[in-house]
Amino acid sequence: MADNMNGLKRTHYCGEVVNEGEDVVVGGFVAKIRDLGNLIFIDLRDKTGIVQLAFNDETDKALFEKASTCRSEFVLMAKGKAQKRSNINTEIKTGHIEIIVTDLRILAKSQTTPFEITNETKVNEELRLKYRYLDLRRAPLQNNIIMRHKIAQAAREYYYANDFTEIETPMMMKSTPEGARDYLIPSRVHNGKFYALPQSPQIYKQLLMVSGFDRYIQLARCFRDEDLRADRQPEFTQIDLEMSFVDVDDILEMTEGFISYLFKKVLDIEISLPIKRLTYKEAMERYGSDKPDTRFDMEIQDISSLVKDCGFGVYTSAIEAGGSVRAIVAKNGAKVLTRKEIDKLTEMVRGIGAKGLAYVRWVDEKPTCSFAKFMTEDELSSILDAIDCKQGDVALIIADKNKVTLPVLGALRLQVAKQLDIIPENQFNFLWITEFPFFEWDEESQTWLAMHHPFTMPLDDCIQYLDTAPEKVIAKAFDLVLNGTELSSGSIRITDYELQQKMFQSLGLTDEEIEAKFGFLVEAYKYGAPPHGGLGIGLDRLAMVMLQAESLRDVTAFPKVQNASELMSACPSAVDKESLDVLGISVIKKEENE
């Protein structure tokens, strides 16, 4: 039988016992036991840290014997007096204190755990996720989850102070796909019809502006049925906001205020404001990405004008086809980027769409150039001078259409920076990306799609191109990027009924499709809508980058793995036939090769 707590009430968390002479009561899990025969020391752990419990020759015999039965992960409560330790541990906050125990309660015993609960672990992640409730006892993960809580707390503090109203939007809504697949919920009452889990509260928060709430905030749960990766989970949280009577600058400045407040409060770091801005076009041409990591240089350089007459067919044909020849220079990279490593990089770029990779590797007095036979030494020298490639450096060059050249060099830039180990840690580089193209061409469907969503306002002088030149339409859209991770996406919204209809039509939607998917929003605009816009900041991604974690799983209490299953509870799971019959659903199992 386990003991009970009768007569004991916790007075301190373990990590907060710091004053000598205090009478204290603590509770927690046994982290470690050292039984020295006539002395027993127990490290007791809770979410705040560890404190040492001490049992010696002055301890009551029955109490001493009870302490000797304790094992790792037993749940204890202990009462005693805090006194100075003889062997001080400088690595923990309570390292100068121990509790001389006068009352000990074993509240719960523990079997031997599948893995040891330690800060550093080499146990494979699959096992830790199966026993996630044990994994979450480890201090690093607890600190991550607490950090996530602090970010949420700071968000509410900041936006409440700036007159935002927190409003919950529905978790079961009409299916209006925004790019990814919806998670669908069958209705029992409306047989054959489905709710959808929200990919975002987008439509509802716009309707709240139509309703006159002026400033809305919500820590919104969002759901997207898409393939997972390190910075993506099927369910995630957005710090979601919308503001009325604003334009782009107002939203960006409000968000910068939050970022500054958050980093000072949580990390005690001053963020320099205003945050730098780049247009989408500038970001792509300089970094090959709309979410560039600017903690290191290695910018993309256009050398088309220098090689257009060189006679190298790969270069000249790319330029003649309307593309370009561009390079990045890995400063002091020649020792690391050997021919063998360059061959690996060549395979990498071929795997993401490039036809090949040219290079100049300058180790000795004379550079080694993969295309040297197509130009004179003077021509090569002028190229190297233009891109500032010197002895010890490596230049990597791609020639193709810009939609290939730029993103491939962007990916190459990141890979090379990792290999050269030039990305600084403990540095936070924020960046706004603005003026996104409104449309992007989808090769699969051979149609123009909205890059953000169809409610985004185009720049005034671009509206004329909606019917004739969609590629020229620029959106009042913006993303916030931190260290190469997209944290938020937002825009000014269309509030003019006729313009919204025209935008839907430009995306190829019929009147019937518009009415079926967005009829209630379009109807609302007929009754007057203030100009408004907003964004959603990925709380999970923000926590991940602030903690320099490798994956969203490290900042999510109960995450899903790559196939969207949760190993601890073994979900998703089959449902009994009776439950399916009520919903009018039958499950047809696919063959493995389908």
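The following legends describe close-up views of a predicted model. Local features require pLDDT of at least 70 and side-chain atom pairs pLDDT 80 or more, whereas totals for chains, interfaces and linings use all residues. Residues are numbered from 1 along each chain as its sequence is written, and side-chain values use heavy atoms, with hydrogens and water left out.

**View 1. Salt bridge between Asp-249 and Arg-277.** The closest N to O distance is 2.8 Å; a salt bridge is a side-chain nitrogen of Lys or Arg within 4 Å of a carboxyl oxygen of Asp or Glu. The pair links distant parts of the chain, 28 residues apart: Asp-249 belongs to helix H6 (residues 248–267) and Arg-277 to strand S11 (residues 277–279). Helices (H or I, at least four residues) and strands (E, at least two) are DSSP runs, numbered from the N terminus. Asp-249 has 40% relative accessibility and therefore counts as partly exposed, that is, between buried (under 20% relative accessible area) and exposed (over 50%), with a 1.4 Å probe and protein chains only. Arg-277, at 36%, is also partly exposed.

**View 2. Salt bridge within helix H16.** Asp-581 pairs with Lys-577, their closest N and O atoms being 2.9 Å apart. Both residues lie in helix H16 (residues 577–583), four residues apart, about one turn of the helix. Lys-577 is exposed, at 61%, while Asp-581 is partly exposed, at 43%.

**View 3. Salt bridge between Lys-390 and Asp-388.** The N to O distance is 2.2 Å. Lys-390 is partly exposed, at 47%, and Asp-388 is partly exposed, at 36%.

**View 4. A network of salt bridges.** Arg-128, Arg-132, Asp-135 and Arg-138 are linked in this network.
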